[in-house]
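Reader: Please take me closely through the part of this model that surrounds the ligand. Then show me a few spots elsewhere in the chain, in short sentences.

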Amino acid sequence: MYNNKISIIGTGYVGLVAGVCLADFGNQIINVDIDQKKIDKLKKGEVPLYEPGLQDKLRKNLNEDRITFTTDIESALRESEVIFIAVGTPAAENGEADLTAVRKVAAKIGKEMNGYKVVVNKSTVPVGTGARVEKMIRDRLKKRNKNYDFDVVSNPEFLREGKAVHDFTNPDRIIIGTESERAQSIMKDVYRSLYTDNVPFVFTNVETAELIKYSANAFLATKISFINEISVLCDEVGANVKEVSRAIGLDSRIGEKFLRAGPGYGGSCFPKDTRALVRTAESKDIDLKVVKAGIESNVRQKEYMVEKIEERLGDLEGKEIGILGLSFKPGTDDMRESPALTIIPELVDKGAHIKAYDPEAMENADRELAEYRSNILYCADEYEVPKGTDALVLVTEWNQFRRLDLERIKELMKEPIFFDFRNVYDRVEVSEYGFDYIGVGTGVSDRVQEEVKQSKDQIAATGG
Ligand code: NAD
């Protein structure tokens, strides 16, 4: 048994969810961050980000004294036997993971260590980082003339924003990368609720655990890019990608998840993790062709959305375009690498004015899109957006956008043109309301319909 005290360094989407849920499992948690404002809010039981279910769990564990928040990293490190590193690892300019924050925390751990500790890397970090963290701590200890025992564990996180609490408490698997039996046994204690609940645990070495995380994300991102490319072809040949997805997904070797065509993946993980994996491979002279193609295809998909709008609307100068949804997916206020951050700037650069609404992400969007602010009007709800617009674009499929009053929307718009970049609606149904409907791999254009018809006529005429 360990002393039941865990420090979690970094209190973002991962660190906070991990802290609150591990507290709920019965551990004693000290959540640390450098951001004083965040910590002040959390102490009052206020969650500084949008994540369903998190606030209630936070308050419950605060009331029951299982979680505290602080900026005092030194005391937190000294008090706890287990230290989770959950700081950000954003993409550096060259695509590599920027490990500045991880290095800072590792240095602090080496400086403050006062006995045996398990240092758990929960941040997504390239293969070899665990070994580097270990060396940094050892070097610090040497400087201090101390010889404490410690273990570094890789324990990557797979939660999805918007479903983070559910995912953390009902994971498909827990990866524990360490060859130390002592650390393994402590990690089983930390996750006792899950371990005794028959959640699969994969015990492996640090390097394998680090690579598992990147491989999982690269695979999922590539799967999305694959179906997005098929959707482009669907648009050109008169096929429906929704039916292609469903049919191929029914093959258990393929599986239905991450097979929905859309405006390209975004978020804090897939874009940066795929790039970082490519860079790791390049450093070993290995060319990850499939992963690279998936990345390029994703960039292309976001641009393709703008081309779709342009193809239908023509010159965008002075056009009013309504945008429903800004976050990279529903259920989060996270704007990192959201398709909206490609689509809106390109539309504005081409002369369009934007009206936009998102239930949670408008504050973050306004910050990200600050230089386009004069051309974006943030609206109070989904019915204010379409007023006077030349087109409406559904970018993020929040539940409240899934059952829009289409009759009301049509009345409000200047032109009833509806781009459904999440394929939420049925083309025929929406067309019956008098809309011109353009989906992703489902919204067959008049030009393509005409081409398909001509080719069928030709075949009939030649008897072929
Ligand atoms: P985030 O940016 O939301 O949070 C990181 C937090 O760390 C911030 O609050 C920041 O203030 C804090 N921080 C930075 N430097 C610090 C320091 N020296 N000491 C203390 N706190 C410090 O990031 P996130 O989304 O929670 O991601 C964290 C890690 O988890 C990343 O490596 C990410 O790739 C990985 N991950 C994220 C997700 C996700 O869905 N967001 C899922 C799985 C894994």
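**The ligand shell and beyond**

Author: Two helices, α1 (13–24) and α5 (100–112), each supply at least two residues of the shell around the ligand. Helices here are DSSP runs of H or I with at least four residues, strands are runs of E with at least two, and both are numbered from the N terminus. The model is predicted: local features need pLDDT of at least 70, side-chain atom pairs count only at pLDDT 80 or more, and totals for chains, interfaces and linings use all residues. Residues are numbered from 1 along each chain as its sequence is written, and side-chain values use heavy atoms, with hydrogens and water left out.

Now the shell itself. It holds 25 residues. A residue is near the ligand if one of its heavy atoms lies within 4 Å of it. Asp 33, Lys 38, Thr 89, Glu 161 and Lys 272 come nearest. By type, the shell divides into 10 nonpolar, 8 polar and 7 charged residues. Nonpolar covers Ala, Val, Leu, Ile, Met, Phe, Trp, Tyr, Cys and Pro; charged covers Asp, Glu, Lys and Arg; the others, Gly among them, are polar.

Three side chains put an N or O atom by the ligand's oxygen atoms. For Lys 38, a polar side-chain atom lies 2.5 Å from a ligand oxygen. For Asp 33, the distance from a polar side-chain atom to a ligand oxygen is 2.6 Å. Arg 336 has a side-chain N or O atom 3.1 Å from an oxygen atom of the ligand. On its own the ligand has 830 Å² of accessible area, and the protein covers 87% of that. Accessible areas come from the Shrake-Rupley method with a 1.4 Å probe; for residues, only the protein chains shown count as cover.

Where does the ligand lie with respect to domain 1 and domain 2? Domain 1 (6–204) and domain 2 (219–448) both give residues to the shell, so the ligand lies between them. Those bounds come from an automatic or database domain assignment.

Glu 161 deserves a second look. It sits in the loop between β6 (150–154) and α7 (164–169). Glu 161 is buried, with a relative accessible area of 8%. Buried means under 20% relative accessible area, exposed over 50%, and partly exposed in between (1.4 Å probe, protein chains only). The side chain of Glu 161 makes a polar contact of 3.4 Å with that of Ser 268. A polar contact is a pair of N or O atoms within 3.5 Å; within protein, one must be able to donate a hydrogen and the other to accept it, and residues adjacent in sequence count only if both atoms are side-chain atoms.

Next, helix ends. Asp 35 caps the N-terminal end of α2 (residues 36–43), with a side-chain oxygen 3.2 Å from the backbone nitrogen of Lys 37. After α2 comes Gly 45, with a positive phi near 85°. At the start of α8 (residues 181–190), a side-chain oxygen of Ser 180 reaches to within 3.4 Å of the backbone nitrogen of Arg 182. Buried residues in α8 include Ala 183, Ile 186 and Val 190.

Helix α3 (residues 54–63) shows two sides. Its buried residues are Leu 54, Leu 58, Asn 61 and Leu 62. Seen down the axis of α3, they fall within an arc of 105°, so they line one face of the helix. The arc is that of the directions from the helix axis to the C-beta atoms. An α-helix has 3.6 residues a turn, so residues three or four places apart point the same way. On the face turned away from the buried side of α3, Asp 56 and Asn 63 are exposed.

The loop between β5 (117–121) and α6 (129–143) holds Pro 126. Pro 126 counts as buried at 12% relative accessibility. Lys 122 lies in the loop between β5 and α6 too. Lys 122 is buried at 3% relative accessible area. Its side chain makes a polar contact of 3.0 Å with that of Asn 155.

Last, two backbone angles. Most residues other than glycine have a negative phi. Asn 198 has a positive phi, near 65°. It lies in the loop between α9 (192–195) and β8 (201–204), and is exposed at 69%. Asp 285 has a positive phi near 60°. It lies in the loop between α12 (270–282) and α13 (289–313), and is exposed at 77%.
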